[in-house]
Amino acid sequence: MDDNFKILNETNKYVLGHIFEETYLIDKVTKERFQLGSMYGDPSCGLIDKENNWCIVGGSTLIIWTPEETTELKADELYWACQIRQANQNSVQILIDPWADNSSIWELNVLDKSHFKICNFNHYKDKEYTEQIEW
């Protein structure tokens with residue numbers, strides 16, 4: 001791997017990461033490298049599902065990969081995804097920048113791209129920056 005490659009997530013089968021603004025999924029066995037796309041600014045988070053059926057990368061946009069397709073999801077309400085966690089088999093929860101005016105938590109179905117707001121997230125507004133965000 002390139003020295004500039006930053007790992008966002010890893011499973012027994014895949015490594016998900018980026019080189020600056022370009023995102024990649026690498027098959028650990030075959031060494032095949034899937035270029036998922038690019039975004040404005042470096043991606044801030046990424047997740048490979050527990051069954052290795054899909055992955056998602058977040059930052060200024062969302063990039064969703066399945067073996068069938070790669071989709072870029074541009075939605076104003078999901079701008080600057082900060083962290084992602086798996087909610088169930090095909091859904092994730094997304095934390096939007098905790099210091100932004102639109103800070104919130106959303107749930108996204110990675111297969112049909114439907115999403116809904118769970119709640120606003122104001123716990124870190126007007127507080128000093130930290131890498132350790134509890135949500």
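This passage describes the salt bridges and the largest pocket of a predicted model.

Two salt bridges are present in the structure. In one of them, the side chains of E10 and K28 come together with an N to O distance of 2.8 Å. E10 belongs to strand 1 (residues 6-10), while K28 sits in the loop that runs between strand 3 (22-27) and strand 4 (33-38), so this contact ties together parts that lie 18 residues apart in sequence. Both partners keep some contact with the surroundings: E10 is partly exposed, at a relative accessible area of 42%, and K28 is partly exposed as well, at 28%.

The side chains of E69 and K113 form a salt bridge too, here with an N to O distance of 3.7 Å. Distant parts of the chain are linked by this pair, as E69 lies in the loop between strand 7 (62-65) and strand 8 (70-73) and K113 in the loop between strand 11 (104-109) and strand 12 (115-120), 44 residues apart. E69 is partly exposed, with a relative accessible area of 43%. K113, in turn, has a relative accessibility of 17% and counts as buried, because the cut-off for that class is under 20%.

Attention now turns to the empty space in the model. The largest pocket holds about 160 Å³. Its lining is made up of S44, the run W80, A81, C82 and Q83, the run D97, P98 and W99, and also Y129, T130, E131 and I133. By residue class, the lining of this largest pocket comprises seven nonpolar, three polar and two charged residues.

Note on methods. Residues are numbered from 1 along each chain as its sequence is written. This is a predicted model: local features need pLDDT of at least 70, side-chain atom pairs count only at pLDDT 80 or more; totals for chains, interfaces and linings use all residues. Side-chain values use heavy atoms; hydrogens and water are left out. A salt bridge is a side-chain nitrogen of Lys or Arg within 4 Å of a carboxyl oxygen of Asp or Glu. Helices (H or I, at least four residues) and strands (E, at least two) are DSSP runs, numbered from the N terminus. Buried means under 20% relative accessible area, exposed over 50%, partly exposed in between (1.4 Å probe, protein chains only). On a 1 Å grid over the protein atoms alone, a cavity is a set of points where a 1.4 Å probe fits but cannot get out, and a pocket is an open set with protein on both sides within 12 Å along at least five of seven lines; lining residues have an atom within 4 Å of a point. Grid points are joined across faces, edges and corners, and a volume is the space filled by probe spheres set on the points. Ala, Val, Leu, Ile, Met, Phe, Trp, Tyr, Cys and Pro count as nonpolar, Asp, Glu, Lys and Arg as charged, and the others, Gly among them, as polar.
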